Structures are given as C-alpha cells and as structure tokens.
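Me: I should like to go through this model and understand how each label on it is earned. Please set the values against the criteria.

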Amino acid sequence: MSQSNSAGAAGHERIARRADKHASATVCGAHTYTAAAIGLHWIVAALIVGAFALGWTMTRIPGITPDKLRFFSWHKWIGVTVLGLALLRIVWRLTHRAPPLPASMSAWQRCVAHAVHVALYALMIAIPVSGYLYSSAANVPVVYLGLIPLPRLIAPDPALKVWLKCVHIALDYGLFVLVAGHVAAALKHQCIDRDGLLARMLPFLK
C-alpha cells in the first residue's frame with residue numbers, strides 16, 4: 001500500500017511539474033513577440049542599416065563609376081524589400097496583439113513608444129516610395145535584383161526630381177534619428193530600468 005501511495009504521489013508530482021513548465025512557457029510567450037514578428041523585425045533592422053551604409057557611401061563617390069552604380073542598385077533593391085516587409089509587418093500587427101508593455105512604464109512613456117512605432121512604420125513606407133518616385137522622375141528605371149523591371153509611376157520630371165531627392169534625404173535623416181532614439185530607449189530599459197522590455201524582441205534575455 002505504501003509503495004502504491006508513493007508511486008501515486010510521484011506521478012502527481014511529475015504532472016504538477018509539467019503543468020508548471022507549461023504555465024511558465026505560456027506566460028513567457030505572452031510577454032514576447034512571435035518568432036515571425038521577431039524575425040521580421042531583425043531582418044528589416046539589418047536591411048535599414050545596410051541601406052544607410054550604402055546611401056552614405058555611394059553619395060560620397062565622385063562622378064559616375066561602376067561601384068557607385070552598383071551601390072545605387074543595391075540601395076534600391078533594399079528599399080523595395082523593406083517596403084514589402086514593412087507592409088507585411090503592418091498586416092501582422094493588425095492581426096496580432098503586441099505583448100504588453102512593462103507595468104512600470106508611465107502613461108507618457110507608453111504614448112511616446114506608440115508614437116515612435118507609428119512613425120517608424122510610416123517612414124519605412126514613405127522612404128522607399130519617395131526613392132522610387134525619385135528614380136522615376138530622374139528617368140532611371142528600377143530593376144529589382146537586376147531581374148524584375150518595376151513600372152514607372154510618374155513621368156520624367158527634372159524639377160520634381162530635385163524636390164523628391166530632398167524629400168528622400170530628409171526622411172532618411174528623420175529615420176536615422178528615430179532609430180537612434182529607439183535603440184537608446186531599448187538599452188535604457190534593459191540596463192537601467194531592468195524591466196524586461198527588450199526581452200520582448202530578444203527572448204533569451206529573460
């Protein structure tokens with residue numbers, strides 16, 4: 001009888017442990033983004049850094065050289081890719097609830113975080129579109145990955161080309177400032193506030 005009771009108790013204990021693990025995993029999952037959202041976030045982040053680097057490099061090469069033309073093409077391909085992924089991220093965001101922000105965040109911090117995210121999404125669309133229109137106005141075709149010719153949305157227009165170039169550059173600098181602030185805020189939450197905010201996108205930090 002005692003052996004039977006011991007076996008029963010051990011069985012209940014194993015079931016309880018499994019239930020605890022499941023509950024822990026569920027809570028952890030509820031406080032992090034899905035694998036798809038995390039993957040999209042970091043892919044887009046890497047592409048934006050690459051586009052910044054290419055844009056900075058190619059505009060400092062004097063004249064017209066093979067390297068400069070190659071960098072311009074790569075820059076455009078990245079822009080088109082970011083546009084597509086940004087639209088995909090918006091669809092995901094509209095169909096999935098984001099993990100909750102830390103309870104310690106004040107109301108104004110939550111408002112700022114929301115505004116920054118909206119602005120980031122807007123710029124991830126506006127910058128590629130302005131660059132695409134700039135290429136069309138400059139009468140320079142965009143051939144995605146060197147394989148797929150994309151349609152020209154507007155006719156060549158020298159005056160509009162100058163304006164679109166200024167808009168594209170201004171939006172680029174705006175995105176740079178927002179990304180820098182976004183990264184700084186994430187590091188503050190991780191290193192100073194220690195509220196687990198960054199773990200929503202980097203679950204291994206939990």
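The exchange below takes the labels in turn.

Me: What kind of model is this, and how many helices and strands does the protein have?

Reply: The model is predicted. The protein has 5 helices and 2 strands, and from the N terminus the elements follow the order α-α-α-α-β-β-α. Of the 206 residues, 28% are buried.

Me: Why is the pairing of R70 and D67 called a salt bridge?

Reply: A salt bridge requires a side-chain nitrogen of Lys or Arg within 4 Å of a carboxyl oxygen of Asp or Glu. For R70 and D67 the N to O distance is 2.5 Å, so the pair meets the criterion. Both residues belong to helix α3 and lie 3 residues apart, which means a separation of about one helical turn.

Me: What makes R70 and D67 partly exposed?

Reply: Partly exposed covers relative accessible areas between the buried limit, under 20%, and the exposed limit, over 50%. R70 has 36% and D67 has 40%; therefore both fall in the intermediate class.

Me: How do you know that K188 and D193 form a salt bridge?

Reply: Their closest N and O atoms are 2.6 Å apart. The cut-off is 4 Å, so the label applies. K188 is partly exposed at 33% relative accessibility, and D193 is likewise partly exposed at 33%. The structure holds 2 salt bridges.

Me: Why is D172 said to have no salt bridge?

Reply: The nearest side chain of opposite charge is that of R60, at 10 Å. A salt bridge needs a distance within 4 Å, so R60 does not qualify as a partner. D172 is nevertheless buried, which means that its relative accessible area is under 20%. This residue lies in helix α5, residues 158–193. Leaving aside residues up to four places away in sequence, D172 touches F52 and I127.

Me: What makes helices α3 and α4 a contacting pair, and how do they cross?

Reply: Contact means heavy atoms within 4.5 Å. Residues of α3, including V82, L83, A86 and I90, meet residues of α4, among them Y121, M124, I125 and V129, so the two helices satisfy that criterion. The residues of this contact comprise 10 nonpolar, 2 polar and 3 charged. The axes of α3 (residues 66–95) and α4 (residues 107–137) come within 9 Å and cross at roughly 145°. The crossing is left-handed.

Terms used. Residues are numbered from 1 along each chain as its sequence is written. This is a predicted model: local features need pLDDT of at least 70, side-chain atom pairs count only at pLDDT 80 or more; totals for chains, interfaces and linings use all residues. Side-chain values use heavy atoms; hydrogens and water are left out. Axes are lines fitted to C-alpha atoms, for helices over the stretch in contact, and angles run from 0 to 180 degrees between N-to-C directions. Helices (H or I, at least four residues) and strands (E, at least two) are DSSP runs, numbered from the N terminus. A crossing is left-handed if the near helix is turned anticlockwise from the far one by less than a right angle, and right-handed if clockwise. Ala, Val, Leu, Ile, Met, Phe, Trp, Tyr, Cys and Pro count as nonpolar, Asp, Glu, Lys and Arg as charged, and the others, Gly among them, as polar. Buried means under 20% relative accessible area, exposed over 50%, partly exposed in between (1.4 Å probe, protein chains only). Lys and Arg count as positive and Asp and Glu as negative; His and the chain ends are not counted.
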